[in-house]
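Q: Please take a close look at one part of this model, the surface that meets the DNA, and set it beside what lies inside the protein.

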Number of protein chains: 2
Amino acid sequence: MTHLDAARRMAAECLCFRVRRATRTITRLYDEALRPLGLGAAQLTLMNAVAMGGASGQTMSRLADLLALDLTSLSRNLRPLEKGGMLAIDRHEDDRRVRVVRLTPAGEELLVAALPRWTEAHAKVTAMIGAAEAESLRASLDVVTAARHRLREEDA
Amino acid sequence: MTHLDAARRMAAECLCFRVRRATRTITRLYDEALRPLGLGAAQLTLMNAVAMGGASGQTMSRLADLLALDLTSLSRNLRPLEKGGMLAIDRHEDDRRVRVVRLTPAGEELLVAALPRWTEAHAKVTAMIGAAEAESLRASLDVVTAARHRLREEDA
DNA sequence: GGAAGAAACTTGCATATACAAGTAAAAACA
DNA sequence: TGTTTTTACTTGTATATGCAAGTTTCTTCC
């Protein structure tokens, strides 16, 4: 087994490599579309996850789970949006360990303003790989997330 | 159109969100398997791309293209591996703008040592989502990369 | 009710990623 | 041949990501 054999095998099969590469490609398209808003794809995703909590907001743990994001990463990713006035982070009334994240009115406006840009990026990716492939990709990615949750519950 | 409508739509359909989330999930599994080697998934991927250049090495531009990675990101990602003695970066003899990246003997050894760990992580992901889904995911991700290259060539 | 343990985050540190702007070397061209 | 342009990469700055370790607050169990 030479290092070249190892390299060929990994290059041919590695899912981690492929998903990371595709993420860079796709993220760039979204970033580009969102640039006029001064918002990155990761930030829009985060705001969106916050928005899904509605008026009662989301706890950080819940956001981390929704995004499959480490709590420490989440903690820092919130900062730029908080400083930009898009998010408000308060302590929970009943349990002061918990932080509750909500969109501010400015955040709600930005999310609405982002929708056409998001639609544009989504259409670009769909056109790039074809609608059927986009659907197949979406389904496969959701299987990864579902499997992650299943394993989580088995551990617990 | 309220912000909640926008949020629901993006949460239900966004490919960027999904591919980023899946990348985090999958990368964590690979990182975990590779930890005993002191190597991250991104680093293994990078070493592997370098290895594919064989004895003549790879230029940075070529690596950036293979990995769909910005040249500036690549430039910095090489540093830890270079400092760790796994890579050597030299100027090209005929064109002194170009840098040629090669594995050192230590790098070749590490790559061989990484293969069982990589296999383990690959098996874990495959078991998690099923072999058929893994293959479907791999195929979809490759379509993204192929489409990116197609668009590149159309521009040129 | 006080101590031990658990839960929910934050901070320190390191790598990963990319845009804008800078540098150096080769190629094109006047 | 000398200037201009292009190419290949680096640096400055900012966000993204996660592990280890720390802090605060709640819960549990004597």
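A: A nonpolar core is a set of buried Ala, Val, Leu, Ile, Met, Phe, Trp, Tyr and Cys residues joined through side-chain atoms within 4.5 Å. In this predicted model, the largest such core has 96 residues, and the members that touch the most others are Y30(A), L74(A), L137(A), Y30(B) and L137(B). Leaving aside residues up to four places away in sequence, L74(A) is in contact with L46(A), M60(A), L63(A), A64(A), L67(A) and L69(A).

Another residue inside the protein is T25(B), part of helix α2 (residues 15-34) of chain B. T25(B) counts as buried because its relative accessible area is 6%, and the cut-off is under 20%. Its contacts, again without residues up to four places away in sequence, are A68(A), V144(A) and R148(A) from chain A and M128(B) from chain B.

Now the DNA. Strand C is surrounded by 25 residues, and the closest are R20(A), S61(A), S75(A), R76(A) and R99(A). Of the atoms of DNA strand C that come within 4 Å of the protein, 64% belong to sugar and phosphate.

Some individual contacts can be listed. The side chain of S61(A) has an N or O atom 2.6 Å from a phosphate oxygen of strand C. A polar backbone atom of R99(A) lies 2.5 Å from a phosphate oxygen of the strand. For R97(A), a side-chain N or O atom is 3.3 Å from a sugar or linking oxygen. The elements that give two or more residues to this surface are α2 (15-34), α4 (60-67) and α5 (71-83) of chain A, together with α3 (41-51) and α5 (71-83) of chain B. The most come from α5(A), with 5 residues. By type, the surface near strand C has 13 charged, 7 polar and 5 nonpolar residues.

Conventions:
Residues numbered from 1 in each chain as written. Chains lettered and ligands numbered in written order. Predicted model: local features only at pLDDT ≥ 70, side-chain atom pairs only at ≥ 80, totals over all residues. Heavy atoms only, no water. Buried < 20%, exposed > 50% of the residue type's maximum accessible area, 1.4 Å probe, protein only. Contact = heavy atoms within 4.5 Å. Helix = DSSP H or I, 4+ residues; strand = E, 2+ residues; numbered from the N terminus. Near = heavy atom within 4 Å. Polar contact = N/O pair within 3.5 Å; in protein donor to acceptor, adjacent residues only side chain to side chain. Nonpolar A, V, L, I, M, F, W, Y, C, P; charged D, E, K, R; others polar.
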